[in-house]
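Student: I have a protein model open on my screen and would like to learn how to read it. Could we go through it together?

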Amino acid sequence: MSFGKLYGFHGNSRSTVLLVIAKENNLDIEFAEVKPPNVDAAYLKLNPLARVPTFVGSDGLLLTEVMAVAIYFSSQVEDTTLLGSSKADFASIIRWMSFTNSEVLPKLGGWFRPLIGMDPFNKARVEDSKKAALKALRVLEQHLQLHTYLVIGTVTLADFFAASMLSRGFAYVLDTAWCFENPNTTRWYKEITSLPSWKAVIPSAKMIEVALKYPPTDGQP
């Protein structure tokens, strides 16, 4: 029996992590491709802000917001280690989820989205986003210098979640030179994206060799 229906789209970081957790916990999820802002009236009834992801359980439960859905998926196995083994572990997992969702992904998006034509290009804004993203990523690098994983001595939801938030950064702007300067984050990311549950969703994690750069044109702001 299906556990429920997940609305999102392939290539979306917040959709990817939920598909990975579903695989990790053997949840039978129906995936419905929805790519905002192109949504219909039926979807707006589920998510009035027309965003993804949205989850509708087979029992009628409606959840929006990626962190809420990720925690719910992770909690479906009673003896799971995805949520740690103590209240302190759980709080730390939430910490890293919140940090990468609010401090890392938006800054990375502000850096790479204009370079791939998803947002208008403005050099000053791209440079500001790049600077902010690199500053936030240093926090991860320093933490992973002393820890194999983000929270405990095994993979938790925090690791899957954070890796997904960084995935498009590695695909477009966190290149070989950046990886050389950030070996701990790179080691951790490669390990998480090589796990069976991740590879079941994304068989090969894309890692760019040279960061994308916007080709200058006359009059370009």
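Student: How many bridges join β3 to β4, and do the two strands run parallel or antiparallel?

Tutor: Good place to start, and keep in mind that this is a predicted model. To read a pair of strands, look at the bridges between them and at the directions of the two strands. Here 3 bridges join β3 to β4, and the two strands run antiparallel. One bridge to find is that of Thr54, whose partner in β4 is Thr64.

Student: What should I look for in the hairpin of β3 and β4?

Tutor: For a hairpin, look at the residues that link the two strands. This one has 4 residues between the strands, and Gly60 takes a positive phi near 95° there.

Student: Which order do the strands of the sheet follow?

Tutor: Read a sheet from one side to the other, not along the sequence. This open sheet has 4 strands in the order β2-β1-β3-β4, and its pairing is mixed. The edge strands are β2 (29–33) and β4 (62–64), each of which pairs on one side only. On average, neighbouring strands of the sheet are turned by 20° against each other, direction ignored.

Student: In which sense does β1 pair with β2, and in which sense with β3?

Tutor: Take the two partners in turn. With β2, strand β1 (residues 4–8) pairs in the parallel sense over 5 bridges. With β3, β1 pairs in the antiparallel sense over 4 bridges. Gly4 is a handy residue to click on: its bridge partner in β2 is Ile29, and its bridge partner in β3 is Gly57. You can also find Lys5, which stands opposite Glu30 in β2.

Student: Is β1 largely enclosed or not?

Tutor: To judge that, count the buried residues, meaning those under 20% relative accessible area. In β1, 4 of the 5 residues are buried, so the strand is largely enclosed by the rest of the structure.

Student: Where do the side chains of a strand point?

Tutor: In a regular strand, side chains alternate between the two faces of the sheet.

Student: Which helix packs on the sheet, touching β2, β3 and β4?

Tutor: To see packing, ask which elements touch. Helix α3 (residues 66–74) packs on the sheet and touches β2, β3 (54–57) and β4. The direction of α3 makes about 125° with that of β4.

Student: How many helices and strands does the chain have?

Tutor: Try listing the elements from one end of the chain to the other. The secondary structure comes to 9 helices and 4 strands. From the N terminus on, the elements run β-α-β-α-β-β-α-α-α-α-α-α-α. As for the chain as a whole, its radius of gyration is 18 Å, close to the 17 Å that the globule rule gives for 221 residues, so the chain is as compact as a globular protein of that length. The C-alpha atoms fill a box of roughly 55 × 45 × 30 Å along the principal axes.

Student: Which residues have the most contacts inside the largest nonpolar core?

Tutor: For a core, look for buried nonpolar side chains that touch each other. The largest one has 59 residues, and those with the most contacts inside it are Phe73, Leu108, Leu150, Phe160, Val173 and Trp188. Among the elements that give two or more residues to this core are α1 (13–24), α3, α4 (87–112) and α6 (157–172). The largest share, 11 residues, comes from α6. Over the chain, buried residues make up 47% of the 221 residues.

Student: Where are the cis peptide bonds of Pro36 and Pro37 and of Val52 and Pro53?

Tutor: Omega is the angle to check for a peptide bond. The bond joining Pro36 and Pro37 is cis, with omega about 5°, and Pro37 lies in the loop between β2 and α2 (41–46). The bond from Val52 to Pro53 is also cis, with omega near 5°, and Pro53 is in the loop between α2 and β3.

Student: Is Asn26 buried or exposed?

Tutor: Compare the relative accessible area with the cut-off: over 50% counts as exposed. Asn26 has 71%, so Asn26 is exposed. This residue lies in the loop between α1 and β2 and has a positive phi of about 55° although it is not a glycine. Now try Glu65, in the loop between β4 and α3: its phi is positive, about 80°, and at 53% relative accessibility Glu65 counts as exposed.

Conventions: Residues are numbered from 1 along each chain as its sequence is written. This is a predicted model: local features need pLDDT of at least 70, side-chain atom pairs count only at pLDDT 80 or more; totals for chains, interfaces and linings use all residues. Side-chain values use heavy atoms; hydrogens and water are left out. Two strands pair if DSSP finds at least two bridges between them. Axes are lines fitted to C-alpha atoms, for helices over the stretch in contact, and angles run from 0 to 180 degrees between N-to-C directions. Contact means heavy atoms within 4.5 Å. The radius of gyration is taken over C-alpha atoms; the globule rule is 2.2 Å times the number of residues to the power 0.38. Buried means under 20% relative accessible area, exposed over 50%, partly exposed in between (1.4 Å probe, protein chains only). A nonpolar core is a set of buried Ala, Val, Leu, Ile, Met, Phe, Trp, Tyr and Cys residues joined through side-chain atoms within 4.5 Å.
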